[in-house]
Amino acid sequence: MRLLTLGHGYVAQALARILPEGWQLRGTSRGEGAAIQWPGSDLAPHIAWATHILISAAPVGGQDPFFTTVAGLVAHRSPDWLGYLSTTGVYGDHQGAWVDEETPVSPVANRSADRLMAERAWADVWDQAHIFRIAGIYGPGRAPFARLRAGQARRIHREGQIFSRIHVDDIAQVLLAAMQQRKPGIYNLADDLPAPNADVIAHAAGLAGLPVPPLEDFDTAEMTPMARSFYEESRRICNKKIKADLGVSLLYPDYRRGLQALLGAGE
């Protein structure tokens, strides 16, 4: 089994940590010293080498940055498995209602619309593609404790706003299960407990014995356009398919257990 990660970032690195013995791995990165530095390297021999390909780079200018370069190579190669990391943002705003893989997509943010276009492009190239729509990601190095200690964490309140999240280690185990079982299609990746961000920050502060930041009203809080757009969408992500089709049992079924584990590990 030979895995090529096109964009060896946070999620791909978590997957690399749990690959079973015998798997081989190559990944692209923009950083110096990367195994495959890209842009700048010829990806054709790596596409030919791979049995499994995971595409995790964010779109640039409305298009997956790898698509133009390798789509034809992938189609010719016909890999055993192809996965694309997308976002639950493609569903748009559902005013806090539950959404599943059958819910019509209606992205609001441009970045989500770009992900949807990339999803469809890869699905057209390889009809056995696995599309993973991922909720808000947290995990090592992406927990709120450092911001709380620095006095930088904020609790923004917008009436009715709620969203889902998932620990990066659970994303990794879903990807591994999908590679092993090869059941193509769309999968939502989220934990069992959607919650307002303000509740998550308050719980993290309590765990760490730190002051709980005051609530700030969404309408009057100073935020960047990017941050404000995050609070303008509200939905609960249903995760039943990853359990039923892939047999996944979440390591961290809610943010409370995930944050406790991160704090215990020294976050």
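User: In this predicted model, which residues of β7 are buried on one side and which on the other?

Analyst: The model is predicted, and in it both faces of strand β7 are covered. In a regular strand the side chains alternate between the two faces of the sheet. On one side of β7 the buried residues are His130, Phe132 and Ile134, and on the other they are Ile131 and Arg133.

User: How many of the residues of β7 are buried, and what follows for the strand?

Analyst: The strand has covered residues on both of its faces. Because the buried residues account for the whole strand, β7 is largely enclosed by the rest of the structure, the count being five of the five.

User: What is the strand order of the open sheet, and which strands are its edges?

Analyst: The open sheet has seven strands with parallel pairing, and its order reads β3-β2-β1-β4-β5-β7-β11. Each edge strand pairs on one side only, and these edge strands are β3 (36-37) and β11 (185-189).

User: Which residues stand opposite Ser86 and Thr87 in β7?

Analyst: Strand β5, residues 81-87, runs parallel to β7, residues 130-134, and five bridges join the two. Within this pairing, the residue opposite Ser86 is Arg133, while the bridge partner of Thr87 is Ile134.

User: Which residue of β11 is the bridge partner of Arg133?

Analyst: Strand β7 also runs parallel to β11, to which five bridges join it. Arg133, which stands opposite Ser86 in the pairing of β5 with β7, has a bridge partner in β11 as well, and that partner is Asn188.

User: At about what angle to β7 does helix α6 run?

Analyst: Helix α6, residues 168-181, lies across several strands of the structure, namely β1 (2-6), β4 (52-55), β5, β7 and β11. Its direction relative to β7 is about 165 degrees.

User: Where is Arg115, and how far away is the nearest side chain of opposite charge?

Analyst: Arg115 belongs to helix α4, residues 110-125, and its contacts, leaving aside residues up to four places away in sequence, include Ser56, Tyr84, Ser86 and Val90. Arg115 is buried yet has no salt bridge. A salt bridge needs a side-chain nitrogen of Lys or Arg within 4 Å of a carboxyl oxygen of Asp or Glu, whereas the nearest side chain of opposite charge, that of Asp64, is away from Arg115 by 6.0 Å.

User: How many residues apart are Arg154 and Glu216, which meet in a salt bridge?

Analyst: The structure holds five salt bridges, and in one of them the side chains of Arg154 and Glu216 meet at 2.7 Å, N to O. The pair links distant parts of the chain, with Arg154 in the loop between α5 (145-149) and β9 (155-157) and Glu216 in strand β12, residues 215-217. Arg154 is partly exposed at a relative accessible area of 29%, and Glu216 is partly exposed at 25%. Their separation along the chain is 62 residues.

User: Is Asp254 buried or exposed, and which residue does Asp254 form a salt bridge with?

Analyst: Since buried means under 20% relative accessible area, Asp254, at 10%, counts as buried. Its salt-bridge partner is partly exposed, with a relative accessible area of 49%. The closest N and O atoms of the pair are 2.8 Å apart, and the partner is Arg257.

User: How far apart are the closest N and O atoms of Glu233 and Arg235?

Analyst: Glu233 is buried, and so is Arg235. These two residues form a salt bridge, and the distance between their closest N and O atoms is 2.6 Å.

User: Why do the buried residues of α3 line one face of the helix, and within what arc do they fall?

Analyst: In helix α3, residues 67-77, the buried residues are Phe67, Val70, Ala71 and Val74. Seen down the axis of α3, these buried residues are confined to a limited arc, so they line one face of the helix, the arc being 125 degrees. On the other side of α3, Thr68, Gly72 and His76 are exposed, whereas the cover over the buried residues includes β1, α2 (44-49), β4, β5 and α4.

User: Which elements do the buried residues of α1 pack against?

Analyst: Helix α1, residues 10-18, has Val11, Ala12, Ala14 and Leu15 as its buried residues. Viewed down the axis of α1, these fall within an arc of 160 degrees, so they line one face of the helix. The elements they pack against are β1, β4, β5, β8 (136-138) and α6.

How values were computed: Residues numbered from 1 in each chain as written. Predicted model: local features only at pLDDT ≥ 70, side-chain atom pairs only at ≥ 80, totals over all residues. Heavy atoms only, no water. Pairing = 2+ DSSP bridges. Helix = DSSP H or I, 4+ residues; strand = E, 2+ residues; numbered from the N terminus. Contact = heavy atoms within 4.5 Å. Axes fitted to C-alpha atoms, helices over the stretch in contact; angles between N-to-C directions. Buried < 20%, exposed > 50% of the residue type's maximum accessible area, 1.4 Å probe, protein only. Lys, Arg positive; Asp, Glu negative; His and termini not counted. Arc of directions from axis to C-beta.
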